[in-house]
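The exercises that follow are meant to be worked with the sequence and the coordinates at hand. Each one sets a task and then gives a solution in steps.

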Amino acid sequence: MKNDLRKLLRWVCRKLTYNDLASVVPVLLEVLNGSRQDIELKPQEVRPPHYRQFRVDPQPPLCEPLLPHAPQKDWEELQADHLRATGKTIAKVARRTGSPMPPEKCRCRHCHAPVRYLYLNNGKLGSQVQCKICKRTSPTDKPRRESKARYWCPHCGYALFRWKEDGLCTAFKCPNDHCPVYVRNLAQLTPEEHAMRKAGNTSQFKLRYLFREYHFASQDLPLKRPEDAPVDLNRIHHSLHTLGLCLTFSISLGLSARLTAQALERVFGIRISHQTVVNYIKAAACQLADFTDENSPVPEGTCAADETYIKIGGKTRYTWLVITETRRAICGYNLSETRGAKPTPGFTQSMCAPPAAPQTDALELGTDGLPSYDSATVAYNTAAVVAGGEAVLNKRTVIGLKNLDPESETYRVYKQLIERLNRTYKYHTRPRAGFKSFDGATALTTLFVAYYNFMRPHGSLGGHPPVAIACLKGKRLYPDMWVELLRQAA
Ligand SMILES: [Zn+2]
Ligand SMILES: [Zn+2]
């Protein structure tokens with residue numbers, strides 16, 4: 001039963017005595033078996049298949065307009081062809097004295113014929129020339145209004161127009177009514193959907209090629225990291241070793257704050273409240289967040305990314321993790337309220353650095369079929385190309401549990417990799433029986449990443465952690481490791 005139905009039921013019951021209910025139930029049964037014509041039910045809502053569908057075209061937009069025609073022969077070759085075919089050469093333009101001339105340096109942009117073969121094509125305006133050699137037109141070098149377009153449709157070459165904009169993202173759309181994408185999507189609509197469109201619901205059907213440009217430079221790009229330490233770790237009442245013990249029990253061993261406080265008191269005779277443990281966790285996470293990001297490896301080769309749900313205050317939220325196949329290290333993470341497209345650009349950036357200067361060569365990124373990954377991949381690659389670089393992310397989709405398509409089969413190993421990581425993450429966060437606040441979840445996740453990358457012995461790495469940090473060399477005990485990491489990060 002849906003949650004709001006349960007609420008409605010409680011509300012109805014509060015209005016009824018036992019006897020009221022006894023007389024209402026038979027009427028409800030009559031409604032259910034269809035014998036009451038005077039009481040109407042809410043009509044069944046049938047959602048048409050293409051209504052409000054979130055889909056992302058995996059094709060990035062073009063960052064330069066298509067040339068009018070494919071590159072072709074040079075004017076001298078064309079001249080030679082003409083001579084061979086006709087026995088004559090093409091004569092230069094005969095100009096009457098005083099007639100307007102194209103600019104002296106002007107050349108045909110198709111065959112590069114010099115100005116003696118070009119004549120002005122649009123009279124007084126003088127902005128276009130026609131070429132006698134290849135018969136095509138080109139602009140003269142006369143300054144003309146530059147096109148403001150920045151992206152072009154990869155399917156039809158039309159300039160995309162700016163459709164919507166918010167602080168994080170600008171959406172561009174292809175306006176061409178003959179664009180193959182638009183024509184195909186329009187043809188797929190059901191008759192009911194066509195009727196809905198006619199009734200004015202046009203924007204609910206995603207028919208045109210759409211590209212979302214994320215503002216990667218923006219400070220507001222959603223990337224969750226701990227902030228606001230509740231205590232100053234330099235002025236705590238307990239010793240640093242006690243702090244190390246707190247982090248060992250709560251993060252490395254995955255105990256709740258209460259059990260950690262109990263372990264400290266009953267095993268080591270150290271009196272500490274569970275609230276103090278919580279404060280230490282949050283403060284340690286603030287101190288270690290940048291250090292963890294800086295020392296986590298850049299992704300290489302093949303990586304697997306996934307979003308896993310967590311409960312915060314009873315609500316479903318998401319943790320995003322990406323792991324490299326060779327080093328088994330977490331190289332990016334984020335937390336968010338939704339699985340939509342918004343959290344993925346920050347996640348991608350936490351993994352590969354800003355697209356203007358990607359810290360990685362081309363890499364394979366295995367994910368599930370969530371369209372948010374396509375959106376982030378296209379946006380990141382396009383931003384890298386616009387900045388003068390190359391596309392770095394090759395996204396591979398691993399769908400479902402069965403090996404239905406070849407791509408899924410090949411990349412299944414990466415799905416298993418990330419699922420194992422998710423299980424480890426859940427093991428270390430599960431005893432909290434859900435997080436109380438987003439900040440708490442962020443703090444625990446940050447410390448989990450630090451623990452996983454720098455301390456946790458990994459079976460397939462010969463018992464070593466994924467990232468060997470110099471300052472932890474020779475340290476065997478978790479409390480000492482935590483204290484040393486905090487010292488390095490201070
Ligand atoms: Zn030409
Ligand atoms: Zn198009």
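Helices and strands are taken here as DSSP runs, with at least four residues for a helix and at least two for a strand, and they are numbered from the N terminus. The model is a predicted one.

**Exercise 1. Identify the protein donors of the zinc ion (ligand 1) and classify the arrangement of the four donor atoms.**

Step 1. The donors are the SG atoms of Cys108, Cys111, Cys131 and Cys134, which lie 2.3 Å from the zinc ion (ligand 1).

Step 2. Along the chain, these donors follow the spacing C-x2-C-x19-C-x2-C.

Step 3. Four donors count as tetrahedral if all angles lie between 85 and 135 degrees. The donor atoms around the zinc ion (ligand 1) subtend angles of 105 to 117°, and the arrangement is therefore tetrahedral.

Step 4. Burial is judged by a cut-off of under 20% relative accessible area. Cysteine 131, with a relative accessible area of 1%, is therefore buried, and cysteine 134 is buried as well, with a value of 13%.

**Exercise 2. Locate histidine 112 and lysine 135, and state for each whether the residue is buried, partly exposed or exposed.**

Step 1. Histidine 112 is found in the loop between H3 and S1, whereas lysine 135 is in the loop between strand S2 (128-131) and strand S3 (137-139).

Step 2. The backbone of histidine 112 has a phi near 60°, a positive value in a residue other than glycine. Lysine 135, which is not a glycine either, has a positive phi of about 70°.

Step 3. Histidine 112 has a relative accessibility of 42% and so counts as partly exposed, while lysine 135, at 56%, counts as exposed.

Step 4. Proline 103 can be placed in the loop between helix H3 (75-86) and strand S1 (118-120), and with a relative accessible area of 31% proline 103 is partly exposed. Between the C-alpha atoms of proline 103 and serine 127 the distance is 9.8 Å, with 24 residues separating the two in sequence.

**Exercise 3. Repeat the analysis for the zinc ion (ligand 2): which residues are its protein donors, and how are they spaced in sequence?**

Step 1. Cys153, Cys156, Cys174 and Cys179 each provide an SG atom, lying 2.3 Å from the zinc ion (ligand 2).

Step 2. The spacing of these donor residues is C-x2-C-x17-C-x4-C. Distant parts of the chain are linked by the pair formed by cysteine 156, in the loop between S3 and S4, and cysteine 174, in the loop between S5 and H4, which are 18 residues apart.

Step 3. The angles among the four donor atoms run from 97 to 115°, and the site of the zinc ion (ligand 2) is tetrahedral.

Step 4. Cysteine 156 has a relative accessibility of 23% and therefore counts as partly exposed, whereas cysteine 174, at 0%, counts as buried.

**Exercise 4. Test whether the span of helix H12 (residues 438-454) agrees with its number of residues, and describe how far the helix is enclosed.**

Step 1. The expected span is 1.5 Å times one less than the number of residues. For the 17 residues of H12 this gives 24 Å, and the end C-alpha atoms are 24 Å apart, which agrees.

Step 2. Of the 17 residues of H12, 16 are buried, so the helix is largely enclosed by the rest of the structure.

**Exercise 5. Describe the largest pocket and the largest cavity by volume and by lining.**

Step 1. The largest pocket has a volume of about 760 Å³. Its lining is made up of 31 residues, and those nearest its centre are Phe54, Arg55, Lys206, Leu210 and Arg212.

Step 2. Among the elements that give two or more residues to this lining are strand S4 (161-165), helix H4 (180-188) and helix H10 (371-386), but the largest share, four residues, comes from S6.

Step 3. By class, the lining of the largest pocket holds 14 nonpolar, five polar and 12 charged residues.

Step 4. The largest cavity has a volume of about 60 Å³, and its lining includes Ala305, Phe347, Met351 and Tyr373. H9 gives the most to this lining, with four residues.

Step 5. The lining of the largest cavity has seven nonpolar, three polar and no charged residues.

Methods:
Residues are numbered from 1 along each chain as its sequence is written. Chains are lettered from A and ligands numbered from 1 in the order in which they are written. This is a predicted model: local features need pLDDT of at least 70, side-chain atom pairs count only at pLDDT 80 or more; totals for chains, interfaces and linings use all residues. Side-chain values use heavy atoms; hydrogens and water are left out. On a 1 Å grid over the protein atoms alone, a cavity is a set of points where a 1.4 Å probe fits but cannot get out, and a pocket is an open set with protein on both sides within 12 Å along at least five of seven lines; lining residues have an atom within 4 Å of a point. Grid points are joined across faces, edges and corners, and a volume is the space filled by probe spheres set on the points. Ala, Val, Leu, Ile, Met, Phe, Trp, Tyr, Cys and Pro count as nonpolar, Asp, Glu, Lys and Arg as charged, and the others, Gly among them, as polar. Donors are N, O and S atoms within 2.8 Å of the metal (3.2 Å for Na, K and Ca); water is not among the atoms, so sites may look incomplete. Four donors count as tetrahedral if all angles lie between 85 and 135 degrees; four count as square planar and six as octahedral if opposite donors are over 155 degrees apart and all others between 65 and 115; anything else is irregular. Buried means under 20% relative accessible area, exposed over 50%, partly exposed in between (1.4 Å probe, protein chains only).
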